[in-house]
Amino acid sequence: MTTYSQSLKLTLLANGEGAGTWGQTTNTNLGTLLEQAITGVQSIVMVDANYTLSNLNGASDEARNPVLVVTGTNNAVRDIIAPLVNKQYLVINNTTGGYDIRIRGASGFIVTVPNDSAVMVYCDGTNFYSALTSIGNASAGGAVYENKQIIASNYTMTTNYNGESVGPITINGGITVTIPSGSRWVVL
C-alpha cells in the first residue's frame, strides 16, 4: 500500500507495488518534489485574510517550498498557516498596509515576520520558532545599518539568542565580526 513521507509528502511505494509506474513515481519524487523542497520559491498573495499553504501527498504544493515571498495588501496582522512537520522556511513579508504577518501551524508557537523584512523560521513538528532572534543591525560595505540608516563604521551591539545573552558582537570597519564563544549565528 502506498504511503507518504511525513515532512515532504514523497510517495513511498510498498514492496512489489507500482509495476510499470515506479519509474514515473521515482522521477516525480526526485526530479520534482525533492527539487521543489530544496530550491522552490513560492509566491503568496494575501487578500486581507489568513492563508493556508497547500500540502499534498505526492504532488507539487506550496508548503514544500523553502522560500515564501508574501505580497498583497493587509489591513491587520494576518497568518500563514503551514503544516506541523519538521521544516524550515525563509518568510519574506513584502505586503503593503504596514502590518506584520505570522507563520504558524494549527496549534503551537507562532513566529511574527515584521512588514518589509525576512525571517528564517523552522518547525519541529509541534511549534514554529525563529531561527534568528532579533539581531537588530546589519553591516555592509564598511558601515553598520540600523533601520536602513548608516549609524557607524565601527559598532558594538549586545543581543540575545532565545533569551540568553550572547554578549557584544563587535563590527570593526565592516570587516571583522567577533562572536563570543558558545554563540550560534547564521550569516546571510
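Which residues do ring pairs link into a cluster? In this predicted model, the cluster comprises Phe109, Tyr122 and Tyr129. A pair of aromatic rings is described by the distance of the centres and the angle of the planes. Two aromatic pairs were counted. In one of them, the ring centres of Phe109 and Tyr129 are 5.7 Å apart and the planes meet at 85°, so the geometry is edge-to-face. Because Phe109 belongs to the loop between strand S8 (101–104) and strand S9 (111–113), whereas Tyr129 belongs to strand S11 (residues 128–130), this pair ties together parts of the chain that are 20 residues apart in sequence. The rings of Tyr122 and Tyr129 have their centres 5.2 Å apart, and their planes are inclined at 25°, so this pair is stacked. Tyr129 thus takes part both in the edge-to-face pair with Phe109 and in the stacked pair with Tyr122.

The accessibility of the cluster was examined residue by residue. Phe109 has a relative accessible area of 47% and is partly exposed. Tyr122 is likewise partly exposed, at 33%, and Tyr129 falls into the partly exposed class with a value of 25%.

Strand S7 (residues 86–93) shows an alternating arrangement of side chains. In a regular strand the side chains alternate between the two faces of the sheet. In S7, Lys87, Tyr89, Val91 and Asn93 point to one face and are buried. Asn86, Gln88, Leu90 and Ile92 point to the other face and are not buried. Two residues of the buried face are also related by a charge-to-ring arrangement: the charged end of Lys87 sits over the ring of Tyr89, at 4.9 Å from the ring centre.

Strand S7 is paired with two further strands. With S5 the pairing is parallel and extends over four bridges; within it, Val69 has Ile92 of S7 as its bridge partner. With strand S10 (residues 117–124) the pairing is antiparallel and extends over eight bridges. Asn86 stands opposite Asp124 of S10.

Attention then turned to charged side chains. Side chains of opposite charge can pair when their charged atoms come close. Across the whole structure, four salt bridges were found. Among them, Asp79 and Arg102 form a salt bridge in which the closest N and O atoms are 2.7 Å apart. This pair links distant parts of the chain, with Asp79 in strand S6 and Arg102 in strand S8, 23 residues apart. Asp79 also forms a salt bridge with Arg104, the closest N and O atoms lying 2.6 Å apart. Here too the pair links distant parts of the chain, since Asp79 is in strand S6 and Arg104 is in strand S8, 25 residues apart. Asp79, Arg102 and Arg104 are accordingly linked in a network of salt bridges.

The members of this network differ in accessibility class. Asp79 has a relative accessible area of 4% and is therefore buried, the cut-off being under 20%. Arg104 is also buried, whereas Arg102, at 29%, counts as partly exposed. A further salt bridge joins the side chains of Asp61 and Arg64, with an N to O distance of 3.4 Å; both Asp61 and Arg64 are buried.

Two buried asparagines were also examined. Asn74 lies in the loop between strand S5 (67–73) and strand S6 (78–81), and its relative accessibility of 0% places it in the buried class. The side chain of Asn74 reaches the backbone nitrogen of Asp48 at 3.2 Å. When residues up to four places away in sequence are not counted, Asn74 touches Met46, Val47, Asp48, Ala49, Thr95, Thr96, Gly97, Tyr99 and Ile101. Asp48 therefore appears both in the side-chain-to-backbone approach and in the list of residues touched, a pair being in contact when heavy atoms lie within 4.5 Å.

Asn29 is located in helix H1 (residues 22–39). Its relative accessible area is 10%, and Asn29 is buried. With neighbours within four places in sequence left aside, Asn29 is in contact with Leu10, Thr11 and Leu34.

How values were computed:
Residues numbered from 1 in each chain as written. Predicted model: local features only at pLDDT ≥ 70, side-chain atom pairs only at ≥ 80, totals over all residues. Heavy atoms only, no water. Phe/Tyr/Trp six-rings, centres within 6.5 Å; stacked < 30°, edge-to-face > 60°. Buried < 20%, exposed > 50% of the residue type's maximum accessible area, 1.4 Å probe, protein only. Lys NZ or Arg CZ within 6 Å of the ring centre and 35° of its normal. Polar contact = N/O pair within 3.5 Å; in protein donor to acceptor, adjacent residues only side chain to side chain. Pairing = 2+ DSSP bridges.
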